[in-house]
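Good morning, colleagues. I should like to take a few minutes to present one chain, beginning with its interior and then turning to its overall form. Please have the sequence and the structure in view as I speak.

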Amino acid sequence: DPRMLYELGVIYTDENAWTAIAKGIAYLEEAAEQDYADAWNTIGYLYQNGIGYAYDFEAMIQAYEKAVELGCVWANNNLGDLYFYGQHVVQDYDKAVSYYVLSEKYYGSYAQNLIEIYYQRSDFDQVLKYLKRNKYQPYIHIYYGILYDHGYGVKQSEKKAVEHYEHAIEHSSYFYAVERLLYYYKEHPKFQDATQYQRIVDYARINEIEIP
């Protein structure tokens, strides 16, 4: 059964175990011969990371593209990442988007890179579309903070900006959110608050964030 061949292949090529990589690859290749999409995706990953195979760019791309052709959504994301980060390829946001839009439909967490692309392009309508679609993801707060702070695609609201920046640093140590909160709590006449300012200073120190 191709699925069982694939599952065994994943177990034996698990980089946390690496007990029998050659055996795992044999299982994956047998599943791939039966056009099992996830097996092709995993083979692409192994080529990309030099696990069991020597690193091979062409083989990696061919395996990922075969997985896409057979309907593996994860392969769309993997190809999107290559072009988004410029890993092994020239960075190309257009190609990244072409792959991400297919994977984002199923795995909303991957929309973060799509949002970043549209933000970099100042396409705030698209940014807002994906933020609303992924409203339960914690990363949305840094984007909402920036949008409301500067009035990008929304009516400017300093109150909402501060709220979202606060939510953002609950989930990750965003330098920009810290920088803006320091400004609001120290200099902004509506939000000046010495206690809050010191709290953010302490947060920056604990999270090793350099502040002006």
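**The nonpolar core and the chain around it**

The largest nonpolar core comprises 66 residues, and those with the most contacts inside it are Leu131, Tyr165 and Val178. The element that gives the most to this core is helix H9, residues 140–150, with seven residues. I should state at once that this is a predicted model.

Let us consider Leu131. Which residues does Leu131 contact, once its neighbours within four places in sequence are left aside? They are Ile115, Ile140, Tyr143, Tyr144 and Leu147.

I turn now to the chain as a whole. The chain contains 12 helices and zero strands. Its radius of gyration is 22 Å, whereas the globule rule gives 17 Å for 212 residues; the value is well over that figure, so the chain is more spread out than a compact globule. Along the principal axes, the C-alpha atoms fill a box of roughly 65 × 35 × 30 Å.

As regards packing, 43% of the 212 residues count as buried. If we take contacts between residues at least 6 apart in sequence, 43% of these join residues at least 24 apart.

Finally, the surface and the charges. The accessible surface of the chain comes to about 11700 Å², and carbon and sulfur atoms account for 48% of this surface. The chain carries 18 positive and 31 negative charges, and the mean positions of these two sets are 11 Å apart.

Definitions and conventions
Residues are numbered from 1 along each chain as its sequence is written. This is a predicted model: local features need pLDDT of at least 70, side-chain atom pairs count only at pLDDT 80 or more; totals for chains, interfaces and linings use all residues. Side-chain values use heavy atoms; hydrogens and water are left out. Helices (H or I, at least four residues) and strands (E, at least two) are DSSP runs, numbered from the N terminus. The radius of gyration is taken over C-alpha atoms; the globule rule is 2.2 Å times the number of residues to the power 0.38. Buried means under 20% relative accessible area, exposed over 50%, partly exposed in between (1.4 Å probe, protein chains only). Contact means heavy atoms within 4.5 Å. Accessible areas come from the Shrake-Rupley method with a 1.4 Å probe; for residues, only the protein chains shown count as cover. Lys and Arg count as positive and Asp and Glu as negative; His and the chain ends are not counted. The place of a charge is taken as NZ of Lys, CZ of Arg, CG of Asp or CD of Glu. A nonpolar core is a set of buried Ala, Val, Leu, Ile, Met, Phe, Trp, Tyr and Cys residues joined through side-chain atoms within 4.5 Å.
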